[in-house]
Amino acid sequence: MIRETVTLSTASDFSGWRAWARKLLHDKVSAESIQWIVEAPPSLYAPSATRSLPTAPSTTSLPRALAALFPAVFVSEDPDRLHLLYLTLQTLRDGLPLPDELTERLRRLAAESRARALDLRCQMPDASHPEWQIIRTSHAASLIDSQADALSNLRPTPWIVMAPERTLCWDGRNYHFGPGFTGHDLPPSKLIDTARGLATAGSGNAWWDGIAPVRLHPIPEDIATSRSLTSLRAKAIDCQMCDLCKPATRTVSGEGNPKAGILFIGEQPGDQEDLQGRPFVGPAGQLFDRALREAGGNRTEAWITNAVKHFKFTPKGNRRIHQKPDASDITACSPWLVTERRILAPKVTVMLGVTAASAVLGRSVTVSRERSRPIPLKDGSIGLVTVHPSYLLRLPDEESKAREYTKFVNDLRMAISTLAG
Ligand code: URA
């Protein structure tokens with residue numbers, strides 16, 4: 001018999017659901033007597049819309065592994081999902097073992113949501129083209145909402161996701177959530193402005209505070225089975241395999257032309273790369289670009305990545321001071337680089353500096369001893385070690401800077417001619 005009907009305003013309102021669940025558990029209302037309804041009020045997109053949630057002390061503690069499933073089950077397409085989540089909490093509150101069937105079902109629903117999240121992320125272009133991007137999709141609004149953070153990390157420059165149930169706009173600083181819009185009948189010139197207007201009308205809407213991000217929690221096995229660079233990047237944005245993810249803004253994955261046959265590997269993203277979400281865009285990257293052009297190449301005709309995908313730094317005032325990654329950072333990050341290289345299968349791998357060289361060669365390396373000559377790699381391709389461009393930036397006098405820069409350009413030229421040969 002239904003004793004309580006709870007109405008959530010959106011299928012994304014995880015914190016609203018949680019507040020109600022806590023109250024109902026406290027009041028000992030059984031799962032069978034609750035009816036969960038999702039019904040949008042007419043004012044849903046009004047900027048002033050607010051909600052009042054019940055408060056009650058917590059009665060249940062949720063094991064961490066199970067808690068990680070909750071946001072993903074919450075946005076699943078199963079009509080019983082809210083009931084199943086409540087039933088799980090009720091069982092734990094009563095100190096009973098969770099039936100295997102229930103845990104299995106939660107796992108399956110979470111896996112389905114994560115697969116949908118991955119699919120949506122794979123539609124997001126990287127930040128190498130700064131102009132507005134439109135992503136048309138048919139994913140459900142709650143799934144799209146749950147990916148807002150992941151999508152803006154994947155692409156910090158502006159984009160709009162358009163779906164039948166949701167317009168989600170990221171203008172580079174803020175999210176704007178609006179109602180569905182497909183824009184099929186609009187000319188491309190009007191599309192961005194119309195979708196932005198629609199999404200912006202919903203901004204500041206307090207309902208959206210309730211969204212819980214659905215994360216992928218990549219582990220080495222998932223990474224190794226990735227089949228495309230797009231899915232590798234979409235998974236890497238959630239990487240928490242070492243502590244570098246905590247202070248860093250985002251994972252910075254590789255970019256460029258995956259068919260180029262030539263791969264340049266740096267050390268780790270720096271301050272600018274961490275903010276812009278792109279490798280080699282700061283001072284060392286600009287020097288690298290210039291040297292590569294002088295050597296007859298171009299970054300758009302290469303794949304550029306790093307051995308370590310998070311920025312390692314120590315804060316000093318309002319600056320972030322680069323810290324060299326150590327062996328444990330390189331090892332923790334190696335599943336990403338190994339898989340990236342497997343998918344790219346480059347003919348030539350250029351290791352920029354000691355971190356990249358030891359990550360690829362799997363041993364300690366002295367750059368001055370090993371630079372400027374082809375090194376056969378285990379997969380039959382060719383490796384080349386050279387200095388890291390930041391080494392050139394650190395040289396104290398103009399004369400040694402000029403001399404080392406010429407040697408660096410020569411190394412890059414050798415890499416390009418090895419590719420051509
Ligand atoms: N240094 C690196 O090694 N990589 C970058 O992406 C930027 C600076």
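**Reading burial and contacts off the model**

Trainee: Which residues are around the ligand?

Mentor: G266, E267, Q268, P269, E273, P279, F280, N306 and H388. This is a predicted model, by the way.

Trainee: What makes those residues count as being around the ligand?

Mentor: The cut-off is 4 Å: one heavy atom of the residue within that distance is enough. G266 and H388 are among the residues that pass.

Trainee: What makes the pairing of N306 with the ligand a polar contact?

Mentor: You want N or O atoms within 3.5 Å of each other. A polar side-chain atom of N306 is 2.7 Å from a ligand nitrogen, so that pair qualifies. H388 also uses its side chain: one of its N or O atoms is 2.6 Å from an oxygen of the ligand. With F280 the atom is a backbone N or O, placed 2.8 Å from a ligand oxygen. On its own the ligand has 240 Å² of accessible area, and the protein covers 93% of that.

Trainee: Where does the ligand sit?

Mentor: In the largest pocket. The test is that more than half of its atoms lie within 2 Å of the grid points of that pocket.

Trainee: Let's move on to T339. Why is it called buried?

Mentor: Buried means under 20% relative accessible area. T339 has 4%, so the label is buried. T339 belongs to helix α13, residues 327-344. Outside its neighbours within four places in sequence, T339 touches I223, A224, S226 and L232.

Trainee: How do you know that helix α10 is mostly covered?

Mentor: Count its residues: 7 of the 8 in α10 (residues 229-236) are buried. They are L229, S231, L232, R233, A234, K235 and A236. The cover over these buried residues includes α5 (100-122), α7 (148-154), α9 (220-224), β9 (303-306) and α13. That ties back to T339 of α13, which has L232 among its contacts.

Trainee: V365 is in a loop. Is it buried or exposed, and how do you know?

Mentor: Buried: V365 has a relative accessible area of 10%, and the cut-off is under 20%. The loop in question runs between α14 (354-361) and α15 (367-370). Contacts of V365, with neighbours within four places in sequence left out, are V354, A357, S358 and E370.

Trainee: Now H217. Why is it called partly exposed?

Mentor: Exposed means over 50% and buried means under 20%. H217 has 35%, which is in between, so partly exposed it is. You'll find H217 in the loop between α8 (188-200) and α9. Its phi is near 45 degrees, a positive value in a residue other than glycine.

Trainee: And what makes A345 count as exposed?

Mentor: Its relative accessibility is 54%, and exposed means over 50%, so A345 gets that label. A345 is in the loop between α13 and β12 (348-352). It isn't a glycine, yet its phi is positive, at about 45 degrees.

Trainee: Zooming out, how much of the protein is buried?

Mentor: Buried residues are 51% of the 421 in the protein. The protein has 17 helices and 14 strands. Its C-alpha trace spans about 80 × 55 × 45 Å along the principal axes. About 19700 Å² is exposed, with carbon and sulfur atoms supplying 53% of that. As for contacts with a separation of 6 or more, 72% join residues 24 or more positions apart.

Methods: Residues numbered from 1 in each chain as written. Predicted model: local features only at pLDDT ≥ 70, side-chain atom pairs only at ≥ 80, totals over all residues. Heavy atoms only, no water. Helix = DSSP H or I, 4+ residues; strand = E, 2+ residues; numbered from the N terminus. Buried < 20%, exposed > 50% of the residue type's maximum accessible area, 1.4 Å probe, protein only. Contact = heavy atoms within 4.5 Å. Polar contact = N/O pair within 3.5 Å; in protein donor to acceptor, adjacent residues only side chain to side chain. Areas by Shrake-Rupley, 256 points an atom, 1.4 Å probe, with all protein chains shown as cover. 1 Å grid on protein atoms, 1.4 Å probe; cavity = no way out; pocket = protein on both sides within 12 Å on 5 of 7 lines; lining within 4 Å.
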